[in-house]
Amino acid sequence: HDGVFHEHCVAMSSKVFSPAERDFLAGLIIRDYDPQFQLHCNQPNCGSNCIFCPVPCANDGCSVLISSVHVAKHDQDCGFKVIPCPRGSECGELVRRNQMETHLRDKCVLREVTCPFSSIGCTSGIMLAKDLERHLVEHTSQHLLLSMNRMMEHQSVIKKLNERVIQLEGENMNLATMIEARKEAYDNQIRKLTKEINGLSKKIQNMEKNSKTEIKKIRDRLE
């Protein structure tokens, strides 16, 4: 996180101070916190031979400016340092330190891999990446047979699925026929009930009419 903090400080200070002001302030801070001259030189204008002379990192892509006395230590940790693959000369690749993890995981010819046909039955197990191509060439017929067997298995599964689909379609048709028949029966019942209700309504209306007539006759008699 030191590198991130350093970049953040540089970005913030660049918005407030000019380069000359930043250098001057840095000099003041170093002189104040390093009275024993462990981090800076006590000789003014000592030149490029001074162990504290700032020099750029020699690794391509690295922007660090560091005292010459610390160059060797920085070089041991610099992410842009090109170093050989730690798996040995059989790999032979020269890779930046900050890219080594990716190289070891995805690119190194000495990394461990499995045959791409292992998922369908190849029992070759784990091998080195450099041996994979030879394995594929030497076992082409076995891999082809495994692929054909898996294809036949898929065809068998597809056939069973098709048969099941046809069966379900037939069941759906029967179900649809049953639903339609029941719907028609319900519709007939509803029509019958509606007719009966209408008939009862007419009878009730007639009864109400007759009742009114009889009531009127009784009232007329009483009067």
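## Salt bridges

Seven salt bridges are present in the structure, which is a predicted model. One of them pairs Glu90 with Lys130, with 3.3 Å between the closest N and O atoms. Glu90 sits in the loop between β3 (82-84) and β4 (94-96) and Lys130 in helix α5, so this pair ties together parts of the chain that are 40 residues apart in sequence. Glu90 counts as exposed, at 52% relative accessibility, and Lys130 as partly exposed, at 35%.

A salt bridge also joins the side chains of Arg134 and Asp131, at 3.8 Å from N to O. Both residues belong to helix α5, where they are three residues apart, about one turn of the helix. Through shared partners, salt bridges link Glu90, Lys130, Asp131 and Arg134 into one network. Another salt bridge connects Asp106 and Arg105, whose closest N and O atoms are 3.1 Å apart. Asp106 is partly exposed, having a relative accessible area of 39%.

## His135 and its surroundings

His135 is a residue of helix α5, which covers residues 129-138. With a relative accessible area of 7%, His135 falls under the 20% limit and therefore counts as buried. The side chain of His135 makes a polar contact of 3.4 Å with the side chain of His143.

When neighbours within four places in sequence are set aside, the contacts of His135 are Cys115, Cys122, Ser124, Met127 and His143. Among these, Cys115, Cys122 and Met127 are also members of the largest nonpolar core.

## Nonpolar core

The largest nonpolar core consists of five residues: Val113, Cys115, Cys122, Met127 and Ala129. In soluble globular proteins, nonpolar side chains tend to be buried together.

Within this core, Val113 has contacts beyond its neighbours within four places in sequence, namely with Gly125, Ile126, Met127, Leu128, Ala129 and Leu132. Met127 and Ala129 are thus listed both as contacts of Val113 and as core members.

## Overall architecture

The chain contains six helices and six strands. In sequence order, these elements follow the pattern α-α-β-β-α-β-β-α-β-β-α-α.

Of the 223 residues in the chain, 14% count as buried. Where contacts link residues at least 6 apart in sequence, 9% of them join residues at least 24 apart. The exposed area of the chain is about 18500 Å², and carbon and sulfur atoms supply 58% of that area.

Conventions. Residues numbered from 1 in each chain as written. Predicted model: local features only at pLDDT ≥ 70, side-chain atom pairs only at ≥ 80, totals over all residues. Heavy atoms only, no water. Core = buried A, V, L, I, M, F, W, Y, C linked by side-chain atoms within 4.5 Å. Buried < 20%, exposed > 50% of the residue type's maximum accessible area, 1.4 Å probe, protein only. Contact = heavy atoms within 4.5 Å. Helix = DSSP H or I, 4+ residues; strand = E, 2+ residues; numbered from the N terminus. Polar contact = N/O pair within 3.5 Å; in protein donor to acceptor, adjacent residues only side chain to side chain. Areas by Shrake-Rupley, 256 points an atom, 1.4 Å probe, with all protein chains shown as cover. Salt bridge = Lys/Arg side-chain N within 4 Å of Asp/Glu carboxyl O.
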